[in-house]
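User: Please take a close look at how the strands are arranged in this structure. I would like one connected account of the pairing, with a short word on surface charge at the end.

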Amino acid sequence: AMIYDRGLYLHLAERLAQDFKEVYYYLPQSEPYPTSKLHNIGTGIKGVKRVHDFWGHLPECDIIIFPDTYDGSLQEYLRSKGHVVFGSGHGEQVETDKVFFMECLDKLNLPIPKTYHAEGIDDLLQYLEKEGGPKWLKGNTRGDFETKRFTDMDHFQPFLDDLRFRLGHRLDSIEILVQDPIDSECEAGYDGFCVDGAFSGNCLNGYEVKDKAFVASVQEHPAPLVHAINEAFAPVFKELGYRGAYSTEIRITKDGTPYYIDPTTRFGSPPGELMSLLYENYGHVIWQVANGVLPFPQPKKKYGAQMILTSDWYREDHDMYVEFPDKYRDNLKLSNYYVKDGKTFIVPND
């Protein structure tokens with residue numbers, strides 16, 4: 001198996017090393033001046049071989065695994081050449097293109113919160129000043145900013161100043177969706193696998209405290225409202241050739257209206273890390289999905305929990321040494337790391 005990644009899914013390589021004879025880990029470097037930090041990510045990990053030539057090692061591989069988005073065209077090309085590929089393919093655009101996602105919701109007659117498509121910062125500010133808050137702001141470029149809550153212009157000003165500093169004239173053409181908040185009773189979702197518009201059972205149903213923790217139970221079948229959203233999108237994913245991990249976030253109002261607010265056309269984080277621990281036949285599941293076979297994951301446990309640990313030191317672009325008791329090793333899912341002389345280091349990686 002070869003995993004095509006950018007540093008976030010090393011836990012997948014570790015887990016699949018238990019099932020595959022050999023696991024290659026490839027991290028593309030497209031910078032004009034390559035650095036040693038990216039070169040080191042993924043080295044020294046038991047059962048995982050860091051490779052630097054994707055096309056050179058491709059003929060050796062039985063399966064190529066894309067756990068993330070932004071490589072759909074490459075996936076489709078490899079499939080057209082007869083390679084077995086795990087990944088969302090062109091289905092990734094349901095997540096990466098928020099305008100396309102909204103168009104899908106409209107065509108499928110699914111509920112949509114009041115939404116305004118702002119084109120450029122002046123258009124955005126005029127709308128916010130007219131409408132007021134609260135609103136949710138969503139952009140297509142996650143590297144610029146994640147989903148942002150707007151309350152009023154005074155609270156928004158420091159964020160806007162930061163955007164102006166970082167993006168400059170690019171703000172004139174930035175596209176942002178502005179949505180009214182949804183007064184929901186709960187947030188539910190599906191975490192499992194999609195194969196050409198069919199969805200695997202023994203999925204996870206969980207609750208998340210954003211960027212802090214996630215708890216879930218294994219369910220043989222998703223709840224009816226969650227299942228209905230999957231079924232609505234089934235023709236979309238069949239047409240786009242989706243064979244990968246898939247998650248949904250659905251806000252349900254008091255009257256039972258399900259608002260599909262965010263699709264995840266990759267391994268979510270959470271619960272991707274947790275899933276790698278929960279399922280007994282994980283490697284076989286990956287293999288089946290890539291071959292177009294709907295899998296039935298076999299859970300080891302009924303419940304699972306995931307805590308998210310962060311570091312301001314690391315966030316400020318510093319290497320970080322991580323020490324932990326060996327008995328917890330299987331329960332730690334690290335990103336952007338390497339091992340040297342038995343010691344683990346996490347490397348800054350945008």
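Analyst: What follows goes through the strand pairing and then turns to a charged patch on the surface. The model is predicted.

The open sheet has 5 strands in the order β3-β2-β1-β4-β5, and their pairing is parallel. Its edges are formed by β3, residues 48-51, and β5, residues 85-86, each of which pairs on one side only. Next to the edge strand β3 lies β2, which spans residues 23-26 and is joined to β3 by 4 bridges in the parallel sense. Within this pair, Y25 has R50 of β3 as its bridge partner.

A second point of interest is β9, which covers residues 175-179. Of its 5 residues, 4 are buried, so the strand is mostly covered. Strand β9 pairs with β6, residues 115-119, through 5 bridges, and the two run antiparallel. In that pairing, Y116 is matched with V178 of β9. Strand β9 also pairs with β7, residues 135-139, again in the antiparallel sense, over 4 bridges. Here the bridge partner of G139 is I176 in β9. In general, strands of a sheet pair through backbone hydrogen bonds, in either a parallel or an antiparallel sense.

On the surface, E31, D317, D319 and D350 form a negative patch. One of these residues, D350, is found in the segment that follows β20, residues 343-346. D350 counts as exposed because its relative accessibility is 96%, and the cut-off for exposed is over 50%.

Definitions and conventions: Residues are numbered from 1 along each chain as its sequence is written. This is a predicted model: local features need pLDDT of at least 70, side-chain atom pairs count only at pLDDT 80 or more; totals for chains, interfaces and linings use all residues. Side-chain values use heavy atoms; hydrogens and water are left out. Two strands pair if DSSP finds at least two bridges between them. Buried means under 20% relative accessible area, exposed over 50%, partly exposed in between (1.4 Å probe, protein chains only). Patches are made of residues with over 30% relative accessible area and no salt bridge: like charges are joined within 9 Å, nonpolar side chains (Val, Leu, Ile, Met, Phe, Trp, Tyr) within 5 Å. Accessible areas come from the Shrake-Rupley method with a 1.4 Å probe; for residues, only the protein chains shown count as cover. A salt bridge is a side-chain nitrogen of Lys or Arg within 4 Å of a carboxyl oxygen of Asp or Glu. Lys and Arg count as positive and Asp and Glu as negative; His and the chain ends are not counted. The place of a charge is taken as NZ of Lys, CZ of Arg, CG of Asp or CD of Glu.
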